[in-house]
Amino acid sequence: MTVTPPPGQPERSDRERFSEALEYAHLPTVLMVLVQLTGDRHWLEARYRARRAKGLADDITGGLPPEVQAEVRAAALEAILAWRAGAPVAIPDPSDELLVAMLSSSTGERVPEEYGPMFAEVLGTRTPDEPPARSAAPPGFRAMIVGSGLSGLAAAVRLRDLGIDIVIVERRDEVGGTWQDNRYPGAGVDVPSHLYSYSFASYDWSHYFARRSEIHDYIRRVADDFDLRRHIRFSTEVLSARHDADRQGWRVLLRTPDGTAEEVMVDVLVSAVGAFNTPVTPNIPGLADFAGPVVHTAGWPDDLDLAGKRVGVIGNGASAMQVVPAITPTVGALTIFQRSPQWVQPLGEMKGPIPEQARFLLREVELYARWYRVRWAWVFHDKLHPSFQKDPDWPHPERSLNPINDGHRAYFTDYITEQLADRPELVDDVLPTYPPFGKRMLLDWGWYEALQADHVRLVTSGISEVEPHHVRTGDGGRHELDALVLATGFDVVRFISSFEVVGRSGVTLREAWDDDDGRAYLGLAIPDFPNFFCLYGPNTQPGHGGSLIHTVEAQIHYLGDLLERTFADGVGSVECRREVFDAYNAAVDAAHEQMIWTHPGMTTYYRNSRGRVVVNMPFRNLEFWRMTRRADLDGYLTEPRRRPATHDSGHASGVEESSDEESSHAAGVH
Ligand SMILES: Cc1cc2nc3c(=O)[nH]c(=O)nc-3n(C[C@H](O)[C@H](O)[C@H](O)COP(=O)(O)OP(=O)(O)OC[C@H]3O[C@@H](n4cnc5c(N)ncnc54)[C@H](O)[C@@H]3O)c2cc1C
């Protein structure tokens, strides 16, 4: 067999190409493929156990001696070629015990056995606990999904599979949400791309950590490949939604592309409006009078030219970490206004592209790609969770939470001081005093290199005022600038703020949440809001690291199971019981009490105006995954379906329009 070569290159044999690819492959992952393909467990012996990697510094050799590397590559080549020639996979479905032993050997760590079932699912060999197929949706049953970002599209795939007539309403003219909006230079993901992608749609990523445009391409491709666009109403905004108890559904008011109002009736309403879409503009006196461009990272104009300009960047969080290294080479001068120092971890070679040879292996050997994802699902997810737990006996709460967290502190401190070896006077300004992970952990996209450039200046004194051509700081400084970049983040604590939701009793979601105190069972279901579900709702952000997609897919799995059960039982209205909701939120708060974001003195965007952590999930991914495997209708108030869900509209949009008499809204909404 031969692999089709890129145009213009001579045809090469499989042996040649795989042999070359294995030189670039991640050997601890290759070893797992070898175990499964050959069934030979001697590859799990101590001789082949990888050295435990620190942080993201992931040595592709796993620290194995050269002769062992050569042995593994040679055996893998034969095993892969045999498999390509038709040999079956010797262990197609490793037991939980074996899977965890394999991952432990591959990471050089002791992965607890309880992770077996979840990682079997990530590996794709099993779908454990998958409920048996129940009834599909009754004919004409309709769901509206608000938003066509990553969450909305994933929900669409699952709900459509249940036979639900779906419509996705999107106020923009394209899919992608976050990755459509955030176009600032350097924008990208802070999670390895092979983890920050759907379980059901793999991709040939060009970078370990993809940049915005590639992620956006991926999302667009998923929309096309899964034929989702025909369900989307673009340039259409949901303005409000009101529960209709008689119809056991939701009346949704839309603003259509021509600005007119339209009311539609759906059985289920799913909010997938995300959390990062209300940019925060800092309240600084005089900001509105600045003479030059003032640009928030989330609203970056495509034609903004900063070449040679004196630019001020306000903020030093996740987006500043990305935009500063990206614009430093072109601007005339850069002044960074820092409010508080941030912990930053090294990215090393993972900042760059994935070598073509490694991509080849990821494309051609699915088992390798899947093990690669499993690896990240451990390294980037729950592995870090213990570092976030308060230890009441720990004698140094002023600097860290526990011995593991203190070890992280030492590791990151060494990195920062090494990076600033030539400018040691900067260390005091950038080294945080609070424990690592107390705020979102950032990645070094070139931040320390940028800080040391001759034309870059770090200002740590707070901004007191903005004048038309200057920024004044508390230390008496006056900084002359041509343009201002607001890297000041988003208002994420006010969940679902883009449209009004009125529940069964007439209370709005905003009122129920007392503005910014969002709570939901599994981040998804709320008492008094029957048949309404929110994805990426309160307390769902994977704060201890990792990919939101994992969490949202878990929510969607649960939602699909819940709806299937309602279809099977002839249920028309399903509303989370108050006691279930309260118990869940009490567990969330109790877990947070033991965790880093409630550590004395910590301020983060994860906490609302009263200090409650409303954004982050306190649980391990494993726990949330378990909680979302099966829905239990006993946790819900249910009503039998009162009407057949058949409103044959034949509408391309898939939504039923309300009749004129029913509609309480006039046209012409602007
Ligand atoms: C710069 C940046 C970097 C990030 N990096 C990471 C990362 O590394 N890892 C990670 O896990 N997460 C990251 N995130 C979080 C990111 O938002 C999520 O991972 C994910 O993209 C959220 O997808 P979503 O579909 O839930 O929401 P969104 O992507 O926000 O999509 C919501 C959609 O809903 C639409 N919408 C909203 N209101 C309405 C309405 N009333 N009517 C109609 N349409 C509406 C919006 O137009 C949008 O298209 C990052 C966020 C930002 C801003």
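**Strand pairing and compactness in a predicted model**

Tutor: In this predicted model, strand β10 pairs with strand β19 (residues 483–486) in the parallel sense, over three bridges.

Student: What makes β10 and β19 count as paired strands?

Tutor: A pair requires at least two bridges found by DSSP. Between β10 and β19 there are three bridges, so the criterion is met. One residue of β19, L484, is the bridge partner of V294.

Student: Why are β10 and β15 called edge strands?

Tutor: The sheet is open and holds five strands in the order β10-β19-β11-β12-β15, with parallel pairing. Both β10 (294–296) and β15 (456–459) pair on one side only. On average, neighbouring strands of this sheet are turned by 20° against each other, direction ignored.

Student: Which strands does helix α9 lie across?

Tutor: Helix α9 (residues 318–327) lies across β11 (310–314), β12 (333–337) and β19. The helix runs at about 165° to β11.

Student: How many helices and strands does the whole protein chain have?

Tutor: The protein chain has 18 helices and 24 strands.

Student: Why is the protein chain described as being as compact as a globular protein of that length?

Tutor: Its radius of gyration is 26 Å, and the globule rule gives 26 Å for 670 residues; the two values are close, so the description applies. Along the principal axes, the C-alpha atoms fill a box of roughly 80 × 75 × 60 Å.

Student: What share of the 670 residues is buried?

Tutor: Buried residues make up 48% of the protein chain, where buried requires 20 or more other C-beta atoms within 10 Å.

How values were computed:
Residues numbered from 1 in each chain as written. Predicted model: local features only at pLDDT ≥ 70, side-chain atom pairs only at ≥ 80, totals over all residues. Helix = DSSP H or I, 4+ residues; strand = E, 2+ residues; numbered from the N terminus. Rg over C-alpha atoms; globule rule 2.2 N^0.38 Å. Buried ≥ 20, exposed ≤ 12 C-beta atoms within 10 Å, placed from the backbone. Axes fitted to C-alpha atoms, helices over the stretch in contact; angles between N-to-C directions. Contact = placed C-beta atoms within 7 Å.
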